[in-house]
Amino acid sequence: MAARGFPYTDLKDFLAALERAGELRRVDVPVDPTLEISEVVTRTVRAGGPALLFERPTRGEMPVAINLFGTEKRMAMALGVENLDEIGARIGEMLKPELPQGFSGMMGGLGKVMQLKSMPPKKVKTAPCQQVVYRGDDVDLNRLPGLQVWPGDGGIFHNFGLTHTKHPETGKRNLGLYRLQQHSHNTIGMHWQIHKNSTAHHAVAERLGQRLPVAIAIGADPAVAYSASAPLPADIDEYLFAGFLSGERVEMVDCLTVPLQVPAHAQIVLEGYIEPGERLPEGPFGDHTGFYTPVEPFPVMHIEAMTMQRNPVYHSIVTSQPPQEDHGLGKATERIFAPLLRFLIPDIVDYNLPAAGVFHNCAIVSIRKRYPKHAQKVMNAIWGAHMMSLTKLIVIVDEDCDVHDYNEVAFRAFGNVDYSRDLLLTEGPVDHLDHASYQQFWGGKAGVDATRKLPTEGYTRGWPEGMSMSPEVTSLVDKRWKEYGI
């Protein structure tokens, strides 16, 4: 069942839905975007608290919306479902290769086609995001209540800016979510990590000696906001995916000064370009790893126009050691893309990306084990699967283990493993932000085979039978439980 009001017209519409559901609190006293908002948000997230709307930030000219996706419940609301697995199920149905049979099968196939037709974005001539326009000398990023989240941060960062670029030769669009450091009233540092598509676009522009046009949208509707963070394959357009999530075509409008399109209902849009060869120091920044990332040279965006809705709402996020708001985004990705991962690697029954592993340090995977070294085969397949290649630790368990029950997983990983035989060590790419690898961008990885071992794997002792109470006694105790007075 879709959430009330879904799909949402824009960010304000989603905030209204959260408020109706008792999931939003307004903070009507002055709060400083430098550190104070961060501390309030962190305490709220760790208490399982609501989304927040800071109505009177002491810097900037508009309210700050934050912690919108901080729980799985709010993330499900954002995407219009009761449970995030519903979206994964829709993807799973579309991946089924069989041909439709009979009238009902034809109707089901037609429904899938209609879903696909709803995906492409729709161009509009006028848009709410361009109700107010600042150009040239009137551009001032200080109108925005950008956050300094941690004391050691290099300054103000805009943490939920949806960055638009396109390939200079093919015209292929990319939408990404990157942190943006405010260098001045009209320049921003672009933290484009090495594995991201925008980095590839910038590299081509530099090779051609061209400026790269950039547009940044802040405060998009939640389907678009999530799609910017989703680890989509390079050939899948993020706005097609947003249309799939919402069931409606996303309205897009041409920018005023650069040859790009942005979501028509965004709250704020920054338009500009990057000069080839230009870099400025970016950072430090307290990231989701729980550590400050160091200062590094990154490209600089020069902003020529800033457009916005009347009475806009500024959207941001706080990053830190888990738990933090990105838990909701990460869990959405885990559940939405589970069928796709199973389609690529059919051996997988289920998987879990623990928040404590910041969603790329660890994957817990259950399999239906069928042959010797099956677990090791799955490990290598995962390390070859798109952005799962960045996973540092993979724990493989049998299908009867609930990968979401960390006690059960730990019991298997601690007790079912001979670490001289069941540990696979290798090297490969790691996340740009990984601080533990001795070389940046690549490092060591481990796979732990916590499955039952087979004689054909060299285990000759006979795997022991696990203990469980007889069903008759379990049923008896269930019936008599109140009698015991416990």
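**Notes on the fold and one strand trio**

1. A good place to start is how the chain is wired: among contacts with a separation of 6 or more, 72% are between residues 24 or more positions apart. Do keep in mind that this is a predicted model.

2. On overall dimensions, the radius of gyration is 24 Å, which agrees with the value near 23 Å that a compact globule of 486 residues would have. Along the principal axes, the C-alpha atoms fill a box of roughly 75 × 55 × 50 Å.

3. For secondary structure, you will find 13 helices and 23 strands in the chain.

4. Turning to burial and surface, 51% of the 486 residues count as buried. The exposed area of the chain comes to about 22,300 Å², with carbon and sulfur atoms supplying 56% of it.

5. If you are thinking about charges, there are 48 positive and 58 negative side chains. The centres of these two sets lie 4 Å apart.

6. Here is a local spot worth opening in your viewer. Strand β4 (residues 122-124) runs parallel to strand β10 (residues 251-254), and 3 bridges join them. Within this pairing, K122 stands opposite E251 in β10.

7. Strand β10 has another partner in strand β11 (residues 261-263), this time antiparallel and again with 3 bridges. M252 has P263 in β11 as its bridge partner. What joins β10 to β11? The link is a hairpin through 6 residues. Taken together, β10 pairs in parallel with β4 and antiparallel with β11.

How values were computed. Residues numbered from 1 in each chain as written. Predicted model: local features only at pLDDT ≥ 70, side-chain atom pairs only at ≥ 80, totals over all residues. Heavy atoms only, no water. Helix = DSSP H or I, 4+ residues; strand = E, 2+ residues; numbered from the N terminus. Rg over C-alpha atoms; globule rule 2.2 N^0.38 Å. Buried < 20%, exposed > 50% of the residue type's maximum accessible area, 1.4 Å probe, protein only. Contact = heavy atoms within 4.5 Å. Areas by Shrake-Rupley, 256 points an atom, 1.4 Å probe, with all protein chains shown as cover. Lys, Arg positive; Asp, Glu negative; His and termini not counted. Charge placed at Lys NZ, Arg CZ, Asp CG, Glu CD. Pairing = 2+ DSSP bridges.
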